[in-house]
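Here is a chain to read alongside its model. The questions below go from one local feature outward.

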Amino acid sequence: CIGCNTCLNFAGLRQPTICAANPLTLFETTRRPRMTKAPQQVLVVGGGVGGLHAARLLALEGQEVLLCEATNRLGGQINHCRLLLPDYGNLVDWLERELQHLGVSIELSQAIEVDDVIKRNPDAVIVATGAVGGDIWAETKYSSIPILNIFEAMERPASDWSGNVAVIGGNPGIGGDYINCFVAKTILHHGANVHLVESSAAFANDWQFNGFLMEQE
């Protein structure tokens with residue numbers, strides 16, 4: 001448990017209670033790993049939570065798993081979340097220990113292209129490369145100040161944040177959605193003076209449907 005309250009949110013909606021950290025919740029019998037009699041070589045591309053879970057479940061089946069991550073650390077977007085919510089990082093740490101225990105081969109700083117897949121010649125490929133940080137609608141080449149997407153902002157060193165920062169959504173009406181509020185709080189904690197721009201009457205309005213209220217700072 002990483003304390004994300006996903007289960008409680010679904011319970012409050014009288015929906016089947018799923019878990020954001022455990023993909024087997026509600027599927028304990030139908031998706032339970034079963035040892036294979038004919039192990040295959042499986043390449044997992046991407047070391048975020050999705051890729052880590054896939055590698056673990058495959059290894060539990062007895063498959064020969066190689067996980068390749070383009071950056072120098074595992075975790076993907078959870079590494080952004082753990083800046084404000086350290087407990088989220090516990091999931092990545094646990095999954096990494098599980099893969100080490102199960103003997104999964106891990107290659108960091110290893111971006112995989114089609115030619116790499118052909119060269120490695122695995123029996124199967126799991127693509128878990130995740131999302132991107134969003135499109136930037138401004139003409140950055142004409143700007144005298146940095147213009148960043150969400151992922152670039154979260155990965156920017158804390159020491160680089162100072163002065164006034166505007167957090168503006170890429171589409172009308174979502175400037176102050178839950179994710180942008182999270183980004184704004186992170187930058188605020190780094191010491192910048194943050195201006196969050198939202199065209200509607202409420203922040204984090206996309207999460208209010210299930211009773212979740214974003215603390216506004």
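Q: In this predicted model, which residue with a positive phi follows α2?
A: Helix α2 covers residues 49-60. The residue in question comes after this helix, and its phi is near 95°. That residue is Gly62.

Q: How many residues of α2 are buried?
A: The helix has twelve residues and reaches 16 Å from its first C-alpha to its last, close to the 16 Å expected. The buried ones include Val49, Leu52, His53, Ala55 and Arg56. What covers them includes β1, β2, α3, α4 and β4. The helix is mostly covered, and the number of buried residues is ten.

Q: What angle does the direction of α2 make with that of β2?
A: Helix α2 packs on the sheet. The strands it touches there are β1, β2 and β4. Its direction makes an angle with that of β2 of about 165°.

Q: What is the strand order in the open sheet of four strands?
A: The edge strands are β3 (105-107) and β4 (124-127), as each pairs on one side only. Strand β2 (residues 64-68) is joined to β3 by three bridges, and the two run parallel. The twist averages 20° from one strand to the next. With parallel pairing, the order is β3-β2-β1-β4.

Q: Which residue in β3 is the bridge partner of Cys68?
A: Strands β2 and β3 are joined by three bridges. Cys68 has its bridge partner in β3. The partner is Glu107.

Q: Which elements give two or more residues to the largest nonpolar core?
A: This core has 20 residues. Val44, Leu52, Ala55, Val65 and Leu67 touch the most other members. Leu67, leaving aside its neighbours within four places in sequence, is in contact with residues including Val44, Leu52, Ala55, Leu74 and Leu99. The elements giving two or more residues are β1, α2, β2 and α4.

Q: How many residues are in the other core, which includes Val183 and Ala184?
A: This core lies apart from the core of 20 residues. Val165 and Val194 are also among its members. Its residue count is twelve.

Q: Which residues of β5 point to one face and are buried?
A: The side chains alternate along this strand, residues 164-168. Asn164, Ala166 and Ile168 point to the other face and are not buried. The buried pair is Val165 and Val167.

Q: Which residue in β6 stands opposite Val165?
A: Strands β5 and β6 (residues 193-197) pair in the parallel sense over five bridges. Val165 has a residue opposite in β6. That residue is Val194.

Q: Is Asn149 buried or exposed?
A: Asn149 is found in the loop between β4 and α6. Not counting residues up to four places away in sequence, Asn149 touches Gly133, Gly134 and Ile136. Its relative accessible area is 15%, and the cut-off for burial is under 20%. Therefore Asn149 is buried.

Q: Which backbone nitrogen does the side chain of Asn149 reach at 2.8 Å?
A: The side chain of Asn149 reaches the backbone nitrogen of Phe151 at 3.1 Å. At 2.8 Å, the backbone nitrogen reached is that of Glu152.

Q: How many helices and strands are there in the protein chain?
A: From the N terminus on, the elements run α-β-α-β-α-α-β-α-β-α-β-α-β. Of the 217 residues in the chain, 34% are buried. The totals are seven helices and six strands.

Definitions and conventions: Residues numbered from 1 in each chain as written. Predicted model: local features only at pLDDT ≥ 70, side-chain atom pairs only at ≥ 80, totals over all residues. Heavy atoms only, no water. Pairing = 2+ DSSP bridges. Axes fitted to C-alpha atoms, helices over the stretch in contact; angles between N-to-C directions. Contact = heavy atoms within 4.5 Å. Buried < 20%, exposed > 50% of the residue type's maximum accessible area, 1.4 Å probe, protein only. Polar contact = N/O pair within 3.5 Å; in protein donor to acceptor, adjacent residues only side chain to side chain. Core = buried A, V, L, I, M, F, W, Y, C linked by side-chain atoms within 4.5 Å. Expected span 1.5 Å × (residues − 1).
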